[in-house]
Protein chains: 2
Amino acid sequence: MPLRALALKVSCNPIFIREKVLMASTTTTPNNRVLNATLRQRIMSADEAAALVRNGDHIGMSGFTGSGYPKEFPVALARRMDKAHQAGDPLRVGVFTGASTGPELDGALAAANGVEVRLPYQSDPAVRKRINDGDMEYVDIHLSHVAQYMEYGFLGKLNMAVIEVAAIYEDGRAIPSTSLGNNKSWLECADRIILEVNSWQSMELEGMHDIYYGMAAPPNRDPIPLTRAGQRMGSPYLHIPLDKVVAIIETHSPDRNTAFKEPDRASQQIAGNILEFLEWEVKKGRLPVDLLPLQSGVGNIANAVLFGLEQGKFHNLTAYTEVIQDGMIGLIKSGKMVSASATAFSLGPEMIKEVYGNLANYRKSIVLRGQDISNNPGVIRRLGVISMNGMLEADIYGNVNSTHVMGSKIMNGIGGSGDFARNAYLSIFMAPSNAAKGSISTIVPMVSHVDHTEHDTQILVTEKGLADLRGLSPKQRARLVIEKLAGDDYKPLLQDYFDRALKSGNGMHTPHMLNEAHSFHERYIKTGKMLA
Amino acid sequence: MPLRALALKVSCNPIFIREKVLMASTTTTPNNRVLNATLRQRIMSADEAAALVRNGDHIGMSGFTGSGYPKEFPVALARRMDKAHQAGDPLRVGVFTGASTGPELDGALAAANGVEVRLPYQSDPAVRKRINDGDMEYVDIHLSHVAQYMEYGFLGKLNMAVIEVAAIYEDGRAIPSTSLGNNKSWLECADRIILEVNSWQSMELEGMHDIYYGMAAPPNRDPIPLTRAGQRMGSPYLHIPLDKVVAIIETHSPDRNTAFKEPDRASQQIAGNILEFLEWEVKKGRLPVDLLPLQSGVGNIANAVLFGLEQGKFHNLTAYTEVIQDGMIGLIKSGKMVSASATAFSLGPEMIKEVYGNLANYRKSIVLRGQDISNNPGVIRRLGVISMNGMLEADIYGNVNSTHVMGSKIMNGIGGSGDFARNAYLSIFMAPSNAAKGSISTIVPMVSHVDHTEHDTQILVTEKGLADLRGLSPKQRARLVIEKLAGDDYKPLLQDYFDRALKSGNGMHTPHMLNEAHSFHERYIKTGKMLA
């Protein structure tokens, strides 16, 4: 594919470096990871770097789950914000990342109430509170949309990029950190760049990444040449526009991901239902014997499925997903998974030791990509991914809510679930049949917010069973969802709603009684439980 | 790209004919369009062919809007059904098509109450009534999903394909008719094939189609090599598996599409708002001066936009869309549109005369593709389509309902609007601010059904104005939607709902009061109008 000039004037200037960059054989010592002389002169403290921020700046930061986010700059910025706010001065910024980050980023800035607008995904309790209290505007975008919306100029100006890397070579090639997210776009689109060079991150990360610099804006976009999950097609380096770098912060700080919890009984049952289903699909000839690339959302149910696969009979597994989780490492170690593609690590403390200490080995089977590629709808559909994502609630007609509690409050955001679910070969949504000790039913007459429509969901699973909704009409779905998925206490209530809706005269395609459709939620808001 | 064998056992056996098929120079006379001797022996009447159907059969038929659907077989089948039903015998079938069809197909079979299950899109009043009365199960699937769901075995067995073509050569190559839809998949997956050879269709259709035979099932799917709207990459012929053909019906019947109505004032204002917006985007450097490939849903607002473009200043336009509408022909004739890709014609009677009479000329700028390509998410995102689709209602937070009236009754189905909206470069939804002489507000507190989520919609337009929701949080969207889009009578009601929801204490991300969220709809169901 020839390099074609960008026909569009966009808000940033993508650098289309397409030559094959050879992996450097240079060995840099942990104490000297900034090999460019000019950049060395820009080394400063996090506080000095934070002083470069202006009120209202939009800042693109690295970070995807607890991996590869800047550790010192956000804390220093939060300190500066606290002082400014105490002095009555305004100092707030927009924070754009890959997805959720660690407490030193989201937690610190939310505590300082220093974030005016946040995108695209978050899971920090302090951030969630700020959003639901109305202190922070939150823009919930499909992860695959973020980079291109920025590049097309739809998200306004990006004043600054703050990116963690493992090291920088003389020529501006940087060894990326443990997540990639939207780093390439932030670097290309930002006016000014701050790099955190984190010597805690292993130099063995070199060669693990595959950064695709071939994604021009329409009308000059070529097909992405990816046909296997583990394939490499880009550069192992982030190419840093050196003239935009205004500060380098040297850090030595660990990634912080949540420890993995042993799957509880419900998670194990859900995983069992899914594994049984996959075996059935193979038996019926609808799935190849080695399955298809797996995607799984973050969380313990997903890990339970992966651990189940480790004990199971499938071989030559692959993953095309967002994050490398604990369960995947087990599959790789056991030889059952041959390659895994993601945009970030999301490992518990023990697995961090295992993997970060043996990167040269794991590099053979793990590829980290930008999230414009890891979540690309065209690639996901082409590869035929089997997607498994959690849900907050589903309604009897198969609509899924992944983001909102009782219609108004945000939980974490849609993340990549929409990118995967709609384009997957098989799309699975899973959750226990009830939450909050039974006071909330996962299955409701009508979800209080729709993230995945009836047109997008195929397989729903609770610990009670599995509902295969493929090719069914709404009424056929409703019968199956109530029968297979609902908790015992809620099943009669749901059946009663459906039966009466059928007789309501409101229309027999998707029979609803709008005055009762959210009665479960209304009761919960009033009484603290959905049960009457 | 090498031909790779299908690793999957699927319910059908795709024929991967990849050699370049040269366009035949043979001239066939209108009266002799079946050039294969064996097939000529299978010529029979529509009634004889309809006798081959068994109760419960799933039949894949051609047809996309009023173009290229079988004209005599469904009418004959309906006759047989009427007789059977009168005799107390069951005879009902599943009908799968490309999208909506003509009265001789959907109308006739619905009148006979002979359709058990219907997919994926319909717009016939008799079909709609059957669905909403509970007589017909309707499965509303994204158009891009249909072919692959069938090929993967997700929709069960396909007993029969009934496909209209213009002619068949000796070697099994067929000149397709005026729509392609899912014809390739139906032919590949069906056990038995019936062809309607329609001599009303021009032989000049030869060479207009581009049928891509390179779409293997995962894990063997290669990138679709399409980078320009007008590009050709496949065969101009449907390759008919001759041994499966059980009947040939010779017909001479016209396509039947709805006549184009002069755009009313609201449509013209909506079109004006959109054109002004596109000019603004070009001015701001967010769109190229020749725009990007246009997609527009069927209907008069879309046509009004296209007529507006004919008067406007944009040149070198292209279309990557589902149907070739009247308005596009004007653009092509005036030289403003250089190429258009679709899966069907959808022209009024006058334009049918113009285009079908000059196909040799229009063939230079029009390509008809299968709907797995015309609606392919990866291709749509790569090309950067500007999508324009109608909506039934939108809520203040930007969720769009395209399919359901008052939550329960189906209108037409989602069609391709989801394929385009989520993957478009710019996604526009449009409708007048009210319907049914003001008794229905297009803008509501919460839509009664979600087809396009808050994560998928960018630009909403009514005759009142345009709301650009890109990069906005839910509350920011609500303010804009109420201000710019709502009708005068409903604006204070919507503002009041939003103001009180902000104070409700239910959460400030997407403030809702679930007990009132559907109050507009509930009032309409009770009183016949949404206004209090």
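**View 1. Chains A and B are related by a two-fold axis.** A turn of 180° and a shift of 0.0 Å along the axis lay chain A on chain B with an RMSD of 0.0 Å. That is a two-fold relation. The superposition is by least squares on the C-alpha atoms of residues with pLDDT of at least 70 in both copies. In chain A, A:Gly378 has the C-alpha nearest the axis, 1.9 Å from it. Both copies use the same surface: 100% of the contact residues of chain A recur in chain B. Contact means heavy atoms within 4.5 Å. The model is predicted: local features need pLDDT of at least 70, side-chain atom pairs count only at pLDDT 80 or more, and totals for chains, interfaces and linings use all residues. Residues are numbered from 1 along each chain as its sequence is written, chains are lettered from A and ligands numbered from 1 in the order in which they are written, and side-chain values use heavy atoms, with hydrogens and water left out.

**View 2. Helix H8 of chain A has a buried side covered by one helix and several strands, among other elements.** Helices (H or I, at least four residues) and strands (E, at least two) are DSSP runs, numbered from the N terminus. H8(A) runs over residues 265–283. Its 19 residues should span 27 Å at 1.5 Å a residue, and its end C-alpha atoms are 27 Å apart, which agrees. The expected span is 1.5 Å times one less than the number of residues. Among the buried residues are A:Ala266, A:Ile270, A:Ile274, A:Phe277, A:Leu278 and A:Glu281. Buried means under 20% relative accessible area, exposed over 50%, and partly exposed in between (1.4 Å probe, protein chains only). The cover includes helix H9 (300–311) and strands S17 (386–390), S22 (426–430), S26 (459–462) and S27 (465–468) of chain A. A:Gly285 follows H8(A) and has a positive phi, near 80°.

**View 3. Helices H3 and H4 of chain A are roughly parallel.** The axes of H3(A) (residues 73–86) and H4(A) (residues 103–111) come within 8 Å and cross at roughly 10°. That makes H3(A) roughly parallel to H4(A). Axes are lines fitted to C-alpha atoms, for helices over the stretch in contact, and angles run from 0 to 180 degrees between N-to-C directions. Angles under 35 degrees count as roughly parallel, over 145 as roughly antiparallel, 65 to 115 as roughly perpendicular and the rest as oblique. H3(A) brings A:Pro74, A:Val75, A:Leu77, A:Ala78 and A:Met81 to the contact; H4(A) brings A:Glu104, A:Leu105, A:Ala108 and A:Leu109.

**View 4. H4 also meets helix H5 of chain A, here at an oblique angle.** The axes of H4(A) and H5(A) (residues 125–133) come within 8 Å and cross at roughly 40°. The two helices are therefore oblique to each other. Their crossing is left-handed; that is, the near helix is turned anticlockwise from the far one by less than a right angle, and a right-handed crossing is clockwise. A:Asp106, A:Gly107, A:Ala110 and A:Ala111 of H4(A) make the contact with A:Ala126, A:Val127 and A:Arg130 of H5(A).

**View 5. Helices H16 and H17 of chain B are roughly antiparallel.** The axes of H16(B) (residues 474–485) and H17(B) (residues 491–502) come within 9 Å and cross at roughly 160°. H16(B) passes H17(B) in a left-handed crossing. From H16(B), B:Lys475, B:Ala478, B:Arg479, B:Ile482 and B:Glu483 take part. They meet B:Lys491, B:Leu494, B:Gln495, B:Phe498 and B:Leu502 of H17(B).

**View 6. B:Asp255 is a buried loop residue.** B:Asp255 lies between strand S10 (245–251) and H8 of chain B. Its relative accessibility is 5%. Leaving out residues up to four places away in sequence, B:Asp255 touches residues including B:Tyr69, B:Lys71, B:Glu164, B:Trp200, B:Gln201 and B:Tyr356. B:Val355 is 100 residues from B:Asp255 in sequence, yet 13 Å away in space, C-alpha to C-alpha.

**View 7. Loops of both chains hold cis peptide bonds and positive phi values.** Most residues other than glycine have a negative phi, and most peptide bonds are trans. The bond from A:Pro218 to A:Pro219 is cis, with omega near 10°. A:Pro219 sits in the loop between strands S8 (209–210) and S9 (238–239) of chain A. The bond from B:Leu119 to B:Pro120 is also cis, with omega near -5°. B:Pro120 is in the loop between strand S3 (115–119) and helix H5 (125–133) of chain B. A:Ala436 has a positive phi, near 50°, and is partly exposed at 45% relative accessible area. B:Leu291 has a positive phi near 60°, but is buried at 5%.
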